[in-house]
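Visitor: I am new to this structure and would like a close look at a single part of it. Could you pick one helix and walk me through its surroundings?

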Amino acid sequence: MTQIVKERVNDELSDAGQPKVIFLDAVGTIFGVKGSVGQVYAQIAQQFGVTVPADRINGAFYQSFKTAPPPVFPGKQPQEIPQCEYEWWQAIARNTFQEIGFLDKFSDFSGYFSQLYCHFATAEPWFIYPDVLEALHHWQELGIELGVLSNFDSRLHSVLQALDLSKFFTSVTISTEVGAAKPDPQIFTVALSKHQCSADLAWHVGDSLQEDYYGAKASGLRAIWLQR
């Protein structure tokens, strides 16, 4: 598994030549959650006097996340976006605990969520996949521009900085800031414009078949599906 990113892209390089830019998805592609989302939620819940099985949280979280609307906020001003992001994630967390019958166990759910939200803006809950750094260095040495293209939120900037990854990327394009989420072509168009690059000279690597692979392909980029 440790060479999957570099090997997949190098295979494509051999077949198609070198692109001007490679875009990478963030969560599930560059870095992932240590243990599981449920474990992180449970650990912080414990600090608020609530003991809940991590596996139950994990299942409910992914169901809540899956059924949530896309993280885009059309018509909102840039200064309003952080609050919109916060409320979007708070609704997912609230629905997660409601689903498993633990929401009323919290005496201060707002305080719990605030700490949880801030925690995910740090390096602590994340790990960089072991194949990523070597691949990033390799592509930089080849002179390929690199960008992050993600359906995350504006905390991504602080996460990349905390993980010492910002130095590799000349652009970071996030759905909440663009107002469109993958697989919507608009987010790919915005990312391409930051590099003054046409779609046929750009590649996108991501772990989601629908959002990353089909989204990028439909927008004219060379798409690489990364199966973690």
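Guide: Happily; here is a tour of helix H4 and what lies around it.

A word on the basis first: this is a predicted model, in which local features need pLDDT of at least 70 and side-chain atom pairs count only at pLDDT 80 or more, while totals for chains, interfaces and linings use all residues. Residues are numbered from 1 along each chain as its sequence is written, and side-chain values use heavy atoms, with hydrogens and water left out.

Helices (H or I, at least four residues) are DSSP runs, numbered from the N terminus, as are strands (E, at least two). Helix H4 covers residues 81–99. Its 19 residues reach 27 Å from the first C-alpha to the last, close to the 27 Å expected at 1.5 Å a residue; the expected span is 1.5 Å times one less than the number of residues.

Now look at the residues of H4 that are buried, meaning under 20% relative accessible area, with exposed being over 50% and partly exposed in between (1.4 Å probe, protein chains only). Among them are Ile81, Tyr86, Trp88, Trp89, Ile92 and Phe97. What covers the buried residues of H4 includes helix H2 (37–47), helix H3 (54–67), H5, helix H7 (155–162) and helix H8 (175–178).

H4 also takes part in a nonpolar core, which is a set of buried Ala, Val, Leu, Ile, Met, Phe, Trp, Tyr and Cys residues joined through side-chain atoms within 4.5 Å. The largest such core has 60 residues, and Phe31, Tyr41 and Phe97 touch the most other members. H4 gives the largest share of this core, 8 residues. Apart from it lies another core of 13 residues, including Val21 and Leu149.

Phenylalanine 97 deserves a pause. Contact means heavy atoms within 4.5 Å. Leaving aside neighbours within four places in sequence, phenylalanine 97 is in contact with Tyr41, Val52, Ile57, Phe102, Leu103, Phe106, Phe109 and Tyr112.

Finally, follow the chain past the end of the helix. H4 is followed by glycine 101, whose phi is positive, near 75°. Lysine 105 is found in the loop between H4 and helix H5 (109–119). Lysine 105 counts as exposed because its relative accessibility is 52%. From lysine 105 to alanine 162 there are 57 residues in sequence and 33 Å in space, C-alpha to C-alpha.
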